[in-house]
Amino acid sequence: MLSSDEWRKRAVEAGVVRCPACDSLTVTMGACAVGTYTIYQEYLCEDCGYEFQAMFGLIGCVPRSNNEDNDA
Ligand SMILES: [Zn+2]
């Protein structure tokens with residue numbers, strides 16, 4: 001079983017989510033719980049049945065791409 005830090009490092013480096021228990025790529029996204037500072041995305045591994053959540057944290061704010069400047 002990967003630790004949270006190891007799992008995160010691999011996910012960021014590879015750009016894919018793998019099961020922390022069996023390293024399978026066959027993971028299905030489940031429900032997503034949005035909080036003020038964090039988002040929890042549920043995953044289910046289709047190979048070993050392990051359920052886990054990815055935790056995303058608030059890191060900043062950016063304008064939406066449709067925030068056009070309408071002064072013209
Ligand atoms: Zn698995």
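This report covers the zinc site and the surroundings of Gln41 in a predicted model.

**Zinc site**

Four cysteines hold the zinc ion: Cys19, Cys22, Cys45 and Cys48 each coordinate through SG, at 2.3 Å. The geometry is tetrahedral, with angles of 106 to 115 degrees among the four donor atoms. In sequence, the donor residues follow the spacing C-x2-C-x22-C-x2-C. Cys19 sits in the loop between α1 (4–14) and β1 (27–34), while Cys45 belongs to strand β2 (residues 38–45), so this pair ties together parts that lie 26 residues apart in sequence.

**Burial**

Buried means under 20% relative accessible area. Cys19 counts as buried because its relative accessibility is 0%. Cys45 is buried too, at 2%. Gln41 also falls under the cut-off, so it counts as buried at 7%.

| Residue | Relative accessible area | Class |
|---|---|---|
| Cys19 | 0% | buried |
| Cys45 | 2% | buried |
| Gln41 | 7% | buried |

**Gln41 in strand β2**

Strand β2 contains Gln41 as well as the zinc donor Cys45. What does the side chain of Gln41 reach? A polar contact runs from this side chain to the backbone oxygen of Ala31, at 3.4 Å. Leaving out residues up to four places away in sequence, Gln41 touches Met29, Gly30, Ala31 and Cys32, along with Phe52, Gln53, Ala54 and Phe56. Ala31 therefore appears both as a contact of Gln41 and as the polar partner of its side chain, within the 3.5 Å cut-off.

Key
Residues are numbered from 1 along each chain as its sequence is written. This is a predicted model: local features need pLDDT of at least 70, side-chain atom pairs count only at pLDDT 80 or more; totals for chains, interfaces and linings use all residues. Side-chain values use heavy atoms; hydrogens and water are left out. Donors are N, O and S atoms within 2.8 Å of the metal (3.2 Å for Na, K and Ca); water is not among the atoms, so sites may look incomplete. Four donors count as tetrahedral if all angles lie between 85 and 135 degrees; four count as square planar and six as octahedral if opposite donors are over 155 degrees apart and all others between 65 and 115; anything else is irregular. Helices (H or I, at least four residues) and strands (E, at least two) are DSSP runs, numbered from the N terminus. Buried means under 20% relative accessible area, exposed over 50%, partly exposed in between (1.4 Å probe, protein chains only). A polar contact is a pair of N or O atoms within 3.5 Å; within protein, one must be able to donate a hydrogen and the other to accept it, and residues adjacent in sequence count only if both atoms are side-chain atoms. Contact means heavy atoms within 4.5 Å.
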